[in-house]
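Trainee: Could we go through this structure together, one question at a time?

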Amino acid sequence: MKYIKHIFSYSILLLTCVAFAQKSQVKKADKKFENLAYIDALEIYESVANKGYEDEDLYKRLADAYYFNANYVEASKWYNKLFSLNSNTSPEYNFRYGQTLKAIGNYSDADKILSNFYKSKGQDYINSGEYLNDIEKSSNRYLIDTVGFNTKYSDYPAFYTKDILYLASASTSAKETPWNKEPTSDVFSMSNSELKELVGDVNTKYNEGSIAITKDGNTMYFTRNNYTNNKLRKDANKTIRLKLYKAQLTDGKWENVIELPFNSDDYSVGHPALSLDESKLYFVSDMQSNGNKGGTDIYEVELFDDGGYGVPFNMVGFNTVGNEMFPFIADNGSFFFSSNGHQSNLGGLDVYRSTTNENGVYGKVNNIGKPINSAMDDFAFVIDTQSKTGYFSTNRNGTRSDDVYSFKEDENYKVPCIVSLRGFVRDKKTGDILENALVSIIDNNNNIVTQKIVPTGWYDFGEMDCEKVKFVRAEKNDYLTGEEFVDTSKGGSINTDILLDPRKMEIATGTDIGLLLNPIYFNLDKHNIRPDAGIELQKIVEIMRKNPSIKIDVRSHTDSRANDAYNMALSNRRAKSTISYLVKNGISRSRLTGKGYGESQLINGCSNGIKCIEARHQDNRRSEFIIVK
């Protein structure tokens with residue numbers, strides 16, 4: 001299986017392979033390396049290196065031989081020696097070294113190395129402290145276990161239906177894969193604990209791998225080495241690539257094998273998956289066109305009723321500068337795949353999940369967490385969502401090669417509450433959409449979680465943790481700030497339009513210029529001015545400077561959810577703090593009066609003992625700045 005998993009990367013590898021001339025032993029190893037005979041090459045390279053021979057290209061090949069054979073612990077050792085000789089090596093080595101550092105649990109050093117890689121690609125890097133915390137929140141949904149049908153060679157799920165698990169495992173052929181000296185792989189089916197080789201023309205003496213079968217059970221798409229009609233083909237570098245094929249089930253045999261039209265001798269195509277309605281085929285390729293983002297990408301192609309195919313296009317929302325592979329569409333439409341290129345990654349290949357939005361388009365990608373994912377390669381995830389059971393493969397500690405694990409959902413697992421927020425910013429009077437507004441998500445502590453300018457007036461923050469969302473706020477020049485409470489208790493997709501009033505306010509006695517501000521928030525049981533409140537109070541300072549004759553009465557109010565005396569005292573302290581802030585910023589105290597009113601002037605019916613939603617209580621927790629002269 002390692003051949004199937006890593007052959008895609010060979011074209012990139014060739015760009016960094018420099019022939020040695022110093023020693024005949026190394027030349028011999030180079031030849032084996034270029035023919036993907038990594039096991040043979042490793043013995044020679046290590047023998048030379050252990051005799052004290054230091055060379056940048058030698059370390060590259062040693063590290064790469066281990067890396068592409070999924071031995072990340074040994075690869076890390078040799079990448080470390082490489083970077084000790086030359087820390088300014090090409091970007092792909094920063095990526096590989098960073099991945100191996102994750103595999104040994106050294107996330108702090110991985111951050112340093114990978115930040116350099118993503119910087120070279122013009123991308124920001126997410127620190128591990130942030131994404132590891134998010135992964136932890138998605139973890140522990142499944143309970144995993146070993147299975148009894150693993151061999152000493154590479155085994156992995158090839159496809160899964162409710163009744164049958166298909167496996168890719170070592171064939172009975174005497175032919176070996178030069179990559180790792182393992183037998184080539186065939187596809188098997190397992191039903192009622194009985195493993196059977198597929199009958200027909202699918203399996204050959206070369207490698208077969210991931211498959212997809214239509215719901216009627218009569219058509220199979222499958223991965224194979226470039227071996228058609230008993231003829232083996234190679235690319236210009238003498239590499240045997242992967243191709244996709246289709247077979248039909250006739251009288252219990254898989255026959256009539258044909259190549260798919262978008263295959264090529266020059267790049268690999270494999271790992272098929274079908275959409276629920278079987279109108280689309282997904283696959284993996286390292287083709288250097290159609291929007292390839294680097295390494296292997298996932299593509300989508302339309303399947304026509306007449307048996308024809310559309311033009312493959314890149315699923316850019318899934319793909320990265322690393323490798324994406326092993327797509328699988330679950331029976332509820334969830335899209336699973338493995339990747340080592342997403343920054344939210346424990347190491348090696350991790351399994352990710354995406355679901356469709358209201359328009360039927362796959363959206364945000366999420367790491368499904370531990371224990372499915374580990375610091376090593378975790379891939380070929382397949383699941384039956386009805387029984388909440390499935391399988392995946394991994395080369396984590398304790399495995400002999402790539403081993404299959406089973407899993408089931410933990411009955412005590414509580415699915416995290418996820419909410420998707422979207423909507424338009426509109427003029428409250430006309431209903432017109434307002435472009436280029438600033439929209440912010442506010443949490444329970446009245447902090448800004450995230451914000452962005454929305455050029456078209458449409459905001460969409462994707463999936464977020466329900467606990468991080470309380471309000472959606474919109475701001476735009478010449479409009480009063482608008483804020484909407486969001487009930488996220490049930491999660492899901494929430495559409496909320498934010499309506500803004502035009503900012504037209506007469507400077508006259510009795511006017512509350514506090515309406516020009518965002519809400520003035522205080523921390524729970526506190527009266528000191530927070531930085532975000534300071535920003536709003538600077539607007540009051542500016543108004544009073546431009547209008548030196550006006551005087552203002554500062555009035556602080558609370559909601560009813562504490563005793564009356566406590567609320568009165570707290571609001572008085574907050575009013576005094578607000579006045580002190582204005583004085584410190586240059587406003588004469590003679591122009592300011594104020595006091596707290598506690599819960600004595602509620603503007604709605606949310607008084608003691610009355611149950612109200614948070615938004616109604618928030619209406620009462622207000623600060624007023626009334627012009628008294």
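Mentor: Before we begin, two strands are said to pair if DSSP finds at least two bridges between them. Please keep in mind throughout that this is a predicted model.

Trainee: In the open sheet with the order 14-15-16-17, what is the sense of the pairing?

Mentor: This open sheet is formed by four strands, which follow one another in the order 14-15-16-17. Strand 14 and strand 15, the latter made of residues 280-285, pair over four bridges, and within this pair Gly-270 stands opposite Val-284 in strand 15. The pairing in this sheet is antiparallel.

Trainee: Why is one side of strand 14 and of strand 17 left without a neighbour in the sheet?

Mentor: Strand 14 covers 269-274 and strand 17 covers 313-314, and both stand at the edges of the sheet. One side of each is left without a neighbour in the sheet because each has a single partner strand.

Trainee: Which strands are the edge strands in the open sheet with the order 27-26-29-30?

Mentor: This sheet has four strands with antiparallel pairing, and its neighbouring strands are turned by 15° against each other on average, with direction ignored. An edge strand here pairs on one side only, and the two that do so are strand 27 (448-454) and strand 30 (482-485).

Trainee: Which residue in strand 30 does Val-472 stand opposite?

Mentor: Strand 29, which consists of residues 471-475, pairs with strand 30 in the antiparallel sense over four bridges. In strand 30, the residue opposite Val-472 is Glu-484.

Trainee: What kind of peptide bond joins Lys-370 and Pro-371?

Mentor: Pro-371 has its place in the loop between strand 21 (362-367) and strand 22 (378-384). The omega angle of the bond joining Lys-370 and Pro-371 is about 0°, and the bond is cis.

Trainee: Is Asn-256 buried or exposed?

Mentor: Asn-256 lies in strand 13, residues 253-259, and its phi is near 55°, a positive value in a residue other than glycine. For the label we turn to the relative accessible area, where exposed means over 50%. Asn-256 has a value of 52%, so this residue is exposed.

Trainee: And is Ala-380 buried or exposed?

Mentor: Ala-380 has its place in strand 22, and the phi of Ala-380 is near 55°, again a positive value in a residue other than glycine. The cut-off that matters now is that buried means under 20% relative accessible area. Ala-380 has a relative accessible area of 4%, so this residue is buried.

Terms used: Residues are numbered from 1 along each chain as its sequence is written. This is a predicted model: local features need pLDDT of at least 70, side-chain atom pairs count only at pLDDT 80 or more; totals for chains, interfaces and linings use all residues. Side-chain values use heavy atoms; hydrogens and water are left out. Axes are lines fitted to C-alpha atoms, for helices over the stretch in contact, and angles run from 0 to 180 degrees between N-to-C directions. Buried means under 20% relative accessible area, exposed over 50%, partly exposed in between (1.4 Å probe, protein chains only).
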